[in-house]
Amino acid sequence: MKKIYLSLCMLGLAALTFQAGAQSALIDYQTSAVPRKANKEFQFLAFYINQGVTSNYYPTSEFLKGQVVGRLFGRNTSTTSDTNQTYYVEQRLIPFFIYQPNLFNGKAILRASFEIDWTWGDASYGTGGNIGGGISGDQVNIQTQNIELELIPWKGYAINMGLMRMFDSPYNPYRTLADKMLTTGYRLAYWGTDAVGVSIRRDMDFSRWKAGFYKLYENDIQLDDDVNMFEAMYERQVSRLWKAGISANYARDRSEGKGGVSILGQGLNSMLAQYNGTFQFRFGSDPYKADIFWLGGFFGRNQDFMMDRWQVTGFFNYNLGKAEVKKEGSWEKGADISGFGANLKTAYRYGQTTDDQVKLDLIYTTGDKNGLDDKKYSGVMTANTWGAPGAIFISSGAYILFPHANVVNRYTPAVADISNMGYGLAGGTLVASRGIIPNKLVAKAGTALAFSNAKPLLGGYHLGTEANAALIYNLGTYMSLELHGAYMWLGDFYESSDDAYGSPVNGSFPSGTRPYNPFTAFVVFKWLMF
């Protein structure tokens, strides 16, 4: 997956290398002399990860040997087993190139990032992303993440354009560390992906704002059949400890489902909804158009966890709008959209480092009890309606129930979208961590619990309960070796095979049958080099 916590770390550190003037010039081996000044015009960053994984869930389709995205038991054919168990090794490199010519005195910056990843032994001598680790290699598999330009016309202003990060945080994703991006705004739960567009931001001492336009899909260039998104966000520091902000987003979908991810398409009526675990608006083959708004607010106390021992963050986001369907040449109401999501997270640092903490993270989203029978949808919508994935709630501390960041090619949580297929969600996580050796050896243990706010046919409300643990050893600066494990007890929600909101709830299992409980364990080596 491209939009994960690990790659975000690299972006945030770009800002640090600018500020610190990292020694990126090469040694002159003829004279053994180190240049007195760093080469600030060109910089290279990279993130490397290797992980060995075992689990009892996997896709059953032979065509999904590379990248697997979406909801566990969704249309991606992922399922659990009591007999089969996976054993594989994944590898990823994300190189990041930054060019800041002296000619423009630091006011023009070009950034380019790419992604090269595979499963060991998967394929060679071919073309395609997320594969290329077979014998002899020679696979054409490089993927473009970002090609974006940042212009700084005046102090505190920044104009970003091109293929860039589209995040639901008020902070600049290229100058902010990952932890802050995943703590502020809406924590990438609504918008957390890449898109082409332009954004303008203003960063001041006690406030900041941004406004942006993104072209999600351009179909026939002569027709009004595109998907566009507009955003505006403002945050202000209201006291020494507290910050608060507001935001507005608008998505104008006139694509009628054209474009999208491979054969899945995109949009309200597409099969992409069945993959990502969002609500599928089943309008049949009739064309549709939609106008959707998101209006919200967010707050944070001690966001950087440096002022005292307590940290509190939260958000409330209300989405509303309508979709119209064209029948017999005229437009009529397809669905009125109205739902909201809310989050509250609090953490207490009991020791000397931020690794010594206890965190409680709660999430709630409204659900719809009868689908589109009343031509109303009362659930939540996110960018997962248009992207794969388009929104990533990866910072809760869960591993299977909710998505986590340690993934390369396989991203299949039970709840891949906070809408939970439109059924809604009420849940949370409790995580405790301890720096056994401060800043060197860290241990974590956590649990997660979630319920659906609407009950599927012949199923219940309980989604599941998870227990997880991790042991992290920091080998050096931004280099670590980690061991993780998690087990999830599925709830009676998964006894349903109802497919009214998308793909069948429990996948290929018959109605009344609960799938096998999923588990996973993996060892990870990570190195963020700069």
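Is Phe305 buried or exposed? Select Phe305 and have a look. This is a predicted model, and in it Phe305 has a relative accessibility of 7%, so it counts as buried, the cut-off being under 20%.

**Stop 1: around Phe305**

You'll find Phe305 in the loop between β13 and β14, the latter covering residues 310–327. Now show what surrounds it. Setting aside neighbours within four places in sequence, Phe305 is in contact with Trp310, Gln311, Ala347, Tyr348, Arg349, Thr354 and Gln357. Try a distance label between the C-alpha atoms of Phe305 and Thr354: they sit 7.3 Å apart in space, although 49 residues separate them in sequence.

**Stop 2: the nonpolar cores**

Next, select Leu216 and Trp386. In the largest nonpolar core, which has 77 residues, these two touch the most other members. Strand β13, residues 288–301, gives this core its largest share, with five residues. Zoom in on Leu216: leaving out neighbours within four places in sequence, its contacts are Met166, Trp191, Ala195, Val227, Met229 and Trp386. There is also a second, separate core of 11 residues, with Phe167, Leu188, Ile392 and Ile394 among them. As background, nonpolar side chains tend to be buried together in soluble globular proteins.

**Stop 3: strand β6 and its partners**

Switch to a cartoon view and colour residues 108–119, which form strand β6. Of its 12 residues, 10 are buried, so β6 is largely enclosed by the rest of the structure. β5 runs antiparallel to β6, and eight bridges join the two. To see one of the pairings, pick Gln91 and look across to its bridge partner in β6, Trp118. β6 also pairs with β7, again in the antiparallel sense and over eight bridges. Here you can pick Phe114, whose bridge partner in β7 is Thr144.

**Stop 4: the cavities**

Time to look for empty space. How many cavities of 30 Å³ or more does the structure hold? There are five. The largest has about 260 Å³ of space. Its lining is made up of 23 residues, and Tyr57, Tyr88, Val407, Arg410 and Thr412 are the closest to its centre, so select those five to find the spot. By class, the lining splits into 14 nonpolar, seven polar and two charged residues. Strands that each supply at least two of the lining residues are β1 (42–55), β2 (57–59), β5 (86–99), β18 (410–411) and β23 (519–529).

Move on to the second largest cavity, with about 80 Å³ of space. It is lined by 13 residues, and to centre your view you can select Arg165, Pro173, Ser199, Arg201 and Tyr214, which lie closest to the middle. β8 (157–167), β9 (192–203) and β10 (207–217) each supply at least two lining residues. Of the elements here, β8 gives the most, with five residues. The lining has six nonpolar, three polar and four charged residues.

**Stop 5: an open pocket**

Now turn on the surface and head for the second largest pocket, with a volume of about 830 Å³. Select Gln67, Val261, Gly387, Ala388 and Pro389: among the 32 lining residues, these lie nearest the centre. Two or more residues each come from β3 (68–69), β7 (143–151), β8, β9, β10 and α3 (272–276). β9 contributes the largest share, four residues. Sorted by class, the lining holds 19 nonpolar, nine polar and four charged residues.

**Stop 6: unusual backbone spots**

Stay with Ala388 and Pro389 for a moment. The peptide bond from Ala388 to Pro389 is cis, with omega near -15°. Pro389 belongs to the loop between β17 (376–377) and β18. For context, most peptide bonds are trans, and most residues other than glycine have a negative phi.

That leads to two last residues to select. What is the phi of Asn105? It is near 55°, a positive value in a residue other than glycine. Asn105 lies in the loop between β5 and β6, and with a relative accessible area of 66% it is exposed.

Finish at Met421, another residue that is not a glycine but has a positive phi, about 65°. Look for Met421 in the loop between β18 and β19 (425–437). With a relative accessible area of 2%, Met421 is buried.

Technical notes:
Residues are numbered from 1 along each chain as its sequence is written. This is a predicted model: local features need pLDDT of at least 70, side-chain atom pairs count only at pLDDT 80 or more; totals for chains, interfaces and linings use all residues. Side-chain values use heavy atoms; hydrogens and water are left out. On a 1 Å grid over the protein atoms alone, a cavity is a set of points where a 1.4 Å probe fits but cannot get out, and a pocket is an open set with protein on both sides within 12 Å along at least five of seven lines; lining residues have an atom within 4 Å of a point. Grid points are joined across faces, edges and corners, and a volume is the space filled by probe spheres set on the points. Ala, Val, Leu, Ile, Met, Phe, Trp, Tyr, Cys and Pro count as nonpolar, Asp, Glu, Lys and Arg as charged, and the others, Gly among them, as polar. A nonpolar core is a set of buried Ala, Val, Leu, Ile, Met, Phe, Trp, Tyr and Cys residues joined through side-chain atoms within 4.5 Å. Buried means under 20% relative accessible area, exposed over 50%, partly exposed in between (1.4 Å probe, protein chains only). Contact means heavy atoms within 4.5 Å. Two strands pair if DSSP finds at least two bridges between them.
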